[in-house]
Structure formats: structure tokens, C-alpha cells
Amino acid sequence: MSGCRGRTAVAAAALSLAVCLAACGGSGESGPGGADSGEGGFAVGLLFSQDIQTRWETFDKPLIERKVKELCAGCVLEYANAQGDVAAQKQQVETLLSKDIEVLILSAVNFRSLRSSVERAHDAGVPVIAYDGLVEGPISAHVSFDNERVGRLQGEALLKAMGDRTDGGQIVMMNGPQTSPTNVAFKTGAMSALRGKVAIGRSYDVPGWSQEIAHADMVRAIAALGADGIDGVYAANDGLAAGVISALRAARIEPLPPVTGQDADLEAVQRILLGEQYMSVYKPFKAEADTAAEMAVALGRGENIDTVAETTVDTATTKDIPAVLLDPIPVTVDDIKDTVIKDGVYTTDQICTPRIRAACERAGLVG
């Protein structure tokens with residue numbers, strides 16, 4: 001391992017910082033975020049949990065890589081995706097540690113199962129940044145969105161879309177896998193809005209965020225509750241929403257009940273325009289990715305991140321973890337122009353394909 005970490009002994013922090021800045025090509029500027037002025041750098045590890053959601057490799061990875069390079073010209077990104085496999089991700093941690101990474105950005109497959117890997121990194125002097133979701137073990141920082149608020153926004157939007165049907169109405173809940181505090185928070189936030197307002201006819205926790213399993217679960221819900229017994233569907237993300245909607249379509253349910261989502265995937269935005277999905281939640285990926293990169297470069301240089309992380313979070317194993325929790329944004333048909341188009345996530349041409357051009361015209365996205 002490289003000798004420029006200087007993070008394990010608090011008493012030697014000042015000396016370690018000076019050594020790190022000299023050895024790793026730091027510019028001598030205080031605090032995170034200063035551009036690297038030399039050719040020196042270090043390796044930043046980036047491990048993602050899955051590729052089912054298109055955002056990870058389409059947005060998060062290139063955004064993190066770009067920001068790391070902007071802040072540290074000599075830094076390199078070592079990347080891998082576990083594709084939902086805990087054992088694979090544990091091996092990926094070992095592989096990156098053998099490559100002498102200085103810091104690890106980790107989106108864990110399972111927040112408990114990766115604890116031993118986080119401990120291995122910590123023992124090796126490699127700080128771990130928990131990305132988008134928490135993980136047990138001695139992590140050094142966390143960046144995500146206010147995930148209970150994500151669920152609450154979804155629940156509130158579903159109630160609004162149901163209108164008068166909330167009185168005596170019945171919904172189906174299609175939650176993500178309850179294998180991380182993030183997914184638990186989505187469900188908790190949704191229930192804070194829905195509890196006591198509507199009856200929950202069926203509730204499912206879908207393993208692996210599988211669209212296919214969500215479809216099968218929705219088929220079972222329709223069989224149990226009847227086509228007229230579903231007034232709305234809480235779907236925790238856009239992939240689950242796609243599975244739900246395909247099952248509703250197959251059952252020839254018209255009109256479709258309102259369905260929520262999350263991540264503002266391109267296909268979900270198109271479904272919103274077509275009236276198939278009521279809403280999604282846009283989480284500005286650039287803000288999250290940039291923050292993770294700033295934390296990584298600072299920690300890799302042995303600097304503190306006090307100017308970046310202005311709050312703290314706890315896990316069962318670690319208290320007072322420096323954290324940044326960003327604000328999620330609900331997206332309905334009226335918000336598309338001022339969110340994902342304005343921020344450059346998608347162009348109008350990408351969204352408004354010939355198949356949905358008429359819907360785009362109705363929404364005022366094209367003339």
C-alpha cells in the first residue's frame with residue numbers, strides 16, 4: 001500500500017497531511033475541491049452494486065470519473081460492478097485493495113454482508129465512502145439523498161393522483177428489497193404518507209429490484225384483489241413501475257390506476273408523458289456524483305471533509321459519519337421541462353420519439 005494515507009493515527013494527522021500533499025502531488029490548497037496542479041495522483045476505487053437501473057453506468061460512473069479528473073489530474077478510477085452478487089463485490093474489494101487504491105466509493109449490494117470488506121479496507125488505511133446507500137462497518141463518509149423524503153414524496157403524489165379514491169381506496173405496494181437502510185427508508189417514508197389514508201391490499205418486497213418479479217407479483221395482486229380493487233400502486237422505482245404497468249396492461253385494466261416511480265429513467269419519463277405512470281422522483285445525479293468525487297479526492301489526500309459534509313448519520317456499527325443528504329425532486333408531466341430537460345439529463349429529442357410525439361406536444365415539450 002502507498003505510504004501517503006496518513007489517516008490511521010489522529011495524533012499524526014498534520015504531519016501525514018503534509019507528507020501526503022507532497023507525495024501525492026497535492027497543490028497545498030486547504031480543504032477539498034482544489035484543482036490538482038501537478039502530475040501526481042492516486043487510484044480511486046469505485047464499486048457499484050448492480051446495473052439493473054440504467055442510471056449507474058449511464059450517469060453516475062462517468063460523472064464521478066469526470067469530477068475526480070477535474071479535481072486531481074493525475075488520479076485514476078478503478079471501477080467494477082457486482083451485478084447484484086455479494087460474493088463478487090467482496091472479491092472486487094480485495095482486488096482493488098491489491099491495486100493500492102487510496103480511497104473507495106462503495107455502493108454496497110447488501111449493507112450488512114459487506115461489513116467485513118469495509119473493515120478490511122479500514123484496516124488497510126483505505127477510507128470508504130458509502131454511495132447512495134449506507135453500509136455497516138467503519139465507513140468514513142456517506143453521500144445520498146434524503147431517502148425517507150423520497151418515499152414520502154411518492155406516497156403524497158400517489159394520494160394526490162388518487163383524489164376522491166383515497167376515501168376507502170386500496171393500493172398495492174411494490175417495494176424494493178429490504179436489504180439496505182436506503183430501501184427501508186423508501187418504504188418508511190411512503191408509509192408515513194399512506195398510513196391511515198388508504199388500505200394496503202397487497203405489499204411486496206421485490207428481490208434485486210427485478211422488473212420480472214414485480215410483474216409476477218402484480219399479476220398475483222390483480223388475481224387476489226380484482227381489476228376493480230386496485231386504486232393506485234406505490235412502486236418504489238421506475239423498473240418496478242414498468243413491471244407493474246405491464247401486468248396491468250396484460251390484465252386489460254383501463255384506465256390504469258396511478259403508479260409511482262423513482263430515478264426518472266428515460267422510459268419512465270416517456271411513460272409519464274403517455275399517462276401510463278403518474279410520477280417519478282428525480283435525484284440530481286450530478287450533485288451526488290460530484291460530492292462523492294470531492295470527498296474521495298480530499299480523503300485520498302489525507303484532508304478532512306468538513307466543508308463538504310455538513311451533517312452526520314449513524315449505522316448500527318458507526319456513529320457520527322460525515323454525510324451529505326441531497327434533496328430529491330418529484331416529477332410529473334408538468335415538471336419534465338424544468339427538471340430532467342433543464343439539467344441536461346435528456347434532450348427533448350431523446351424523450352420525444354415519434355411514438356410519443358403527440359404526447360410531447362400536449363405537454364408543451366415540442367411545437
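Here are four short exercises on this structure, each with a worked solution.

Before you start, note that this is a predicted model, where local features need pLDDT of at least 70, side-chain atom pairs count only at pLDDT 80 or more, and totals for chains, interfaces and linings use all residues. Residues are numbered from 1 along each chain as its sequence is written, and side-chain values use heavy atoms, leaving out hydrogens and water.

**Exercise 1.** Work out how helix 3 and helix 4 are arranged.

Step 1. Find helix 3 at residues 86–98 and helix 4 at residues 115–123; helices (H or I, at least four residues) and strands (E, at least two) are DSSP runs, numbered from the N terminus.

Step 2. Their axes lie 9 Å apart at an angle of about 10°. Axes are lines fitted to C-alpha atoms, for helices over the stretch in contact, and angles run from 0 to 180 degrees between N-to-C directions.

Step 3. Angles under 35 degrees count as roughly parallel, over 145 as roughly antiparallel, 65 to 115 as roughly perpendicular and the rest as oblique. Helix 3 and helix 4 are therefore roughly parallel.

Step 4. In contact (heavy atoms within 4.5 Å), Lys-90, Val-93, Glu-94 and Leu-97 of helix 3 meet Ser-116, Ser-117, Arg-120 and Ala-121 of helix 4.

**Exercise 2.** Do the same for helix 2 and helix 10.

Step 1. The axes of helix 2 (residues 55–71) and helix 10 (residues 285–300) come within 8 Å and cross at roughly 40°.

Step 2. That crossing makes helix 2 oblique to helix 10.

Step 3. Residues in this contact include Phe-59 and Leu-63 of helix 2, and Ala-289 and Ala-293 of helix 10.

**Exercise 3.** Locate the residue with a positive phi in the loop between strand 7 and helix 7.

Step 1. Strand 7 covers 199–205 and helix 7 covers 211–225, and Trp-209 sits in the loop between them.

Step 2. Phi of Trp-209 is near 55°, a positive value in a residue other than glycine. Most residues other than glycine have a negative phi.

**Exercise 4.** Find the cis peptide bond at Pro-255 and place this proline in the fold.

Step 1. The bond from Glu-254 to Pro-255 is cis, with omega near -10°. Most peptide bonds are trans.

Step 2. Pro-255 belongs to the loop between helix 8 (238–250) and helix 9 (266–274).
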